[in-house]
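Subject: Structure for you to look at

Hello,

Here is the structure I said I would pass on. My notes on it follow below.

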Amino acid sequence: MIDHSIGFCFGNGKSRLKYDLNDFIGKFPTIGCNGLYREYEPDTLVIVDMPMIEEVEHSNYLGRVVCSSLDHTSLYEMERVSHRHWHG
């Protein structure tokens, strides 16, 4: 059972390398940043720059994605149209 009273947010820095992120699957909600999706599928992936948004749009990643607007004043969720194409 997932404990929703606590969650974890993981970035791409060296400090996260001491954790096995798979230990969190199904136990706690997880949020990942930018390129983390290449190694681990968090419950939510947050992307804050256009090159990374474009990379994820053209990848096979199927998880939930929240993106920053171009002016960084709001967030929106990518909606999956097919297994390889997204729109915001």
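Phe8 is partly exposed, at a relative accessible area of 28%. The model is a predicted one, and six aromatic pairs were counted in it. In one of them, Phe8 and Phe28 meet edge-to-face, with 5.2 Å from centre to centre and 75 degrees between the planes. This pair joins distant parts of the chain: Phe8 belongs to strand 1 (residues 8-10), while Phe28 sits in the loop between strand 1 and strand 2 (30-33), 20 residues away. Phe28 also counts as partly exposed, with a relative accessibility of 22%. Both residues belong to one aromatic cluster, made up of Phe8, Phe10, Phe24 and Phe28.

On the cysteines: the structure contains zero disulfides. For Cys33, the closest cysteine sulfur is that of Cys9, and at 4.1 Å it is too far for a bond; the cut-off is 2.5 Å. Cys33 is partly exposed, with a relative accessible area of 25%, whereas Cys67 is buried at 0%.

As for the overall fold, the protein chain has seven strands and one helix, in the order β-β-β-α-β-β-β-β along the sequence. The chain has 88 residues, and 32% of them count as buried. Its exposed area is about 5800 Å², of which carbon and sulfur atoms supply 55%. Taking contacts between residues at least 6 apart in sequence, 19% join residues at least 24 apart.

Regards

How values were computed: Residues numbered from 1 in each chain as written. Predicted model: local features only at pLDDT ≥ 70, side-chain atom pairs only at ≥ 80, totals over all residues. Heavy atoms only, no water. Buried < 20%, exposed > 50% of the residue type's maximum accessible area, 1.4 Å probe, protein only. Helix = DSSP H or I, 4+ residues; strand = E, 2+ residues; numbered from the N terminus. Contact = heavy atoms within 4.5 Å. Areas by Shrake-Rupley, 256 points an atom, 1.4 Å probe, with all protein chains shown as cover. Phe/Tyr/Trp six-rings, centres within 6.5 Å; stacked < 30°, edge-to-face > 60°.
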